[in-house]
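Reader: I have a sequence and a model open side by side, and I would like to go through the fold with you step by step. Could you take my questions in order?

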Amino acid sequence: MNLAATTLAATTPGFLSPSGVEIAFLLVGLVTLGAAVVTVTTRQLVHAALWLVATLGGLAVEYLLLTAEFIAWVQVLIYVGSVVVLLLFGLMLTKAPIGRSPDADSGNRPVALAVALAAAAALVWVVVDAFRTTWIDLDGPAQGSTEVTGEMLFRHWVLPFEALSVLLLAALVGAIVLSRKNAKEARD
């Protein structure tokens with residue numbers, strides 16, 4: 001056996017000897033998955049929104065572990081800071097039930113579980129097939145700088161980004177209109 005190959009095999013970690021970053025990535029991923037499951041299974045809407053904060057925060061930590069700091073901060077500022085706050089304001093302005101709501105459970109849990117499992121299996125299959133031979137070197141230099149990521153975001157994705165902001169603004173205005181109409185009916 002070649003001495004150089006033996007030395008290289010002894011110094012490079014293999015699949016069965018993960019690094020600390022890989023272990024942290026797995027643990028944060030499991031916590032994020034747990035928070036996502038609680039988000040969609042809870043029957044209290046406000047609790048679901050708060051568990052969504054934990055889920056989106058976990059995704060931001062995953063981006064940090066992948067050395068994508070810009071995307072992690074975008075995740076925190078836009079999704080955790082804006083979308084969830086908008087969702088909570090919408091819940092408060094429409095006077096949605098705070099406690100357990102029988103309307104939140106349609107009784108189609110087995111069908112929803114089957115669809116979710118099929119969608120998850122299809123997503124895993126597509127991602128594994130697309131990146132079968134691609135490996136990310138976490139020890140090397142960061143692949144995507146803030147400049148490159150920002151240029152791609154604002155050159156190719158600015159229209160969907162702005163369309164989403166208009167959609168969220170329309171949802172907030174709709175929630176305000178609905179709450180005003182209910183207040184006027186209560187006074188009459």
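Author: What follows is a set of questions and answers on this predicted model.

Reader: Which elements, helices or strands, make up the chain, and how many of them are there?
Author: From the N terminus on, the elements run α-α-α-α-α-α-α. The count of strands is 0, and the number of helices in the chain is 7.

Reader: What share of the contacts with a separation of 6 or more joins residues 24 or more positions apart?
Author: One pair that lies far apart along the chain is M92 and I176, which are 84 residues apart in sequence while their C-alpha atoms are separated by 9.7 Å. For the chain as a whole, the share of contacts with a separation of 6 or more that comes from residues 24 or more positions apart is 73%.

Reader: How are α2 and α3 oriented towards each other?
Author: Two packed helices are described by the angle between their axes and the distance between the axes. Helix α2, residues 20–41, packs on helix α3, residues 45–65, at an angle of about 160° with the axes 8 Å apart. Because angles over 145 degrees count as such, the orientation of α2 to α3 is roughly antiparallel.

Reader: What is the handedness of that crossing, and how many nonpolar residues does the contact have?
Author: The crossing of α2 and α3 is left-handed. Residues that make the contact include F25, V28 and T32 of α2 and W51, T55 and L59 of α3. By class, the contact of α2 with α3 has 1 charged and 5 polar residues, and the number of nonpolar ones is 14.

Reader: Is T32 buried or exposed?
Author: T32 lies in helix α2, and, leaving aside neighbours within four places in sequence, T32 is in contact with T55, G58 and L59. The relative accessible area of T32 is 10%. Since a value under 20% falls in that class, T32 is buried.

Reader: How are α3 and α4 oriented, and how many nonpolar residues does their contact have?
Author: The axes of α3 and helix α4, residues 69–93, come within 8 Å and cross at roughly 175°, which makes α3 roughly antiparallel to α4. Among the residues in the contact are L56, L59 and Y63 of α3 and I71, Y79 and L88 of α4. By class, the contact of α3 with α4 has 2 polar and 1 charged residues, and the number of nonpolar ones is 20.

Reader: Which residue in the loop between α3 and α4 has a positive phi although it is not a glycine?
Author: Most residues other than glycine have a negative phi. In the loop between α3 and α4 there is a residue with a phi of about 60° that is not a glycine. At 32% relative accessibility this residue counts as partly exposed, and its name is T67.

Reader: Which residues does I71 touch, not counting those up to four places away in sequence?
Author: I71 has its place in helix α4 and, at 31% relative accessibility, counts as partly exposed. The C-alpha atoms of I71 and G150 are 9.4 Å apart in space, although the two residues are 79 residues apart in sequence. Not counting residues up to four places away, I71 touches Y63 and T149.

Reader: Is M92 buried or exposed?
Author: M92, too, has its place in helix α4. The relative accessible area of M92 is 53%, and because a value over 50% falls in that class, M92 is exposed.

Conventions
Residues are numbered from 1 along each chain as its sequence is written. This is a predicted model: local features need pLDDT of at least 70, side-chain atom pairs count only at pLDDT 80 or more; totals for chains, interfaces and linings use all residues. Side-chain values use heavy atoms; hydrogens and water are left out. Helices (H or I, at least four residues) and strands (E, at least two) are DSSP runs, numbered from the N terminus. Buried means under 20% relative accessible area, exposed over 50%, partly exposed in between (1.4 Å probe, protein chains only). Contact means heavy atoms within 4.5 Å. Axes are lines fitted to C-alpha atoms, for helices over the stretch in contact, and angles run from 0 to 180 degrees between N-to-C directions. Angles under 35 degrees count as roughly parallel, over 145 as roughly antiparallel, 65 to 115 as roughly perpendicular and the rest as oblique. A crossing is left-handed if the near helix is turned anticlockwise from the far one by less than a right angle, and right-handed if clockwise. Ala, Val, Leu, Ile, Met, Phe, Trp, Tyr, Cys and Pro count as nonpolar, Asp, Glu, Lys and Arg as charged, and the others, Gly among them, as polar.
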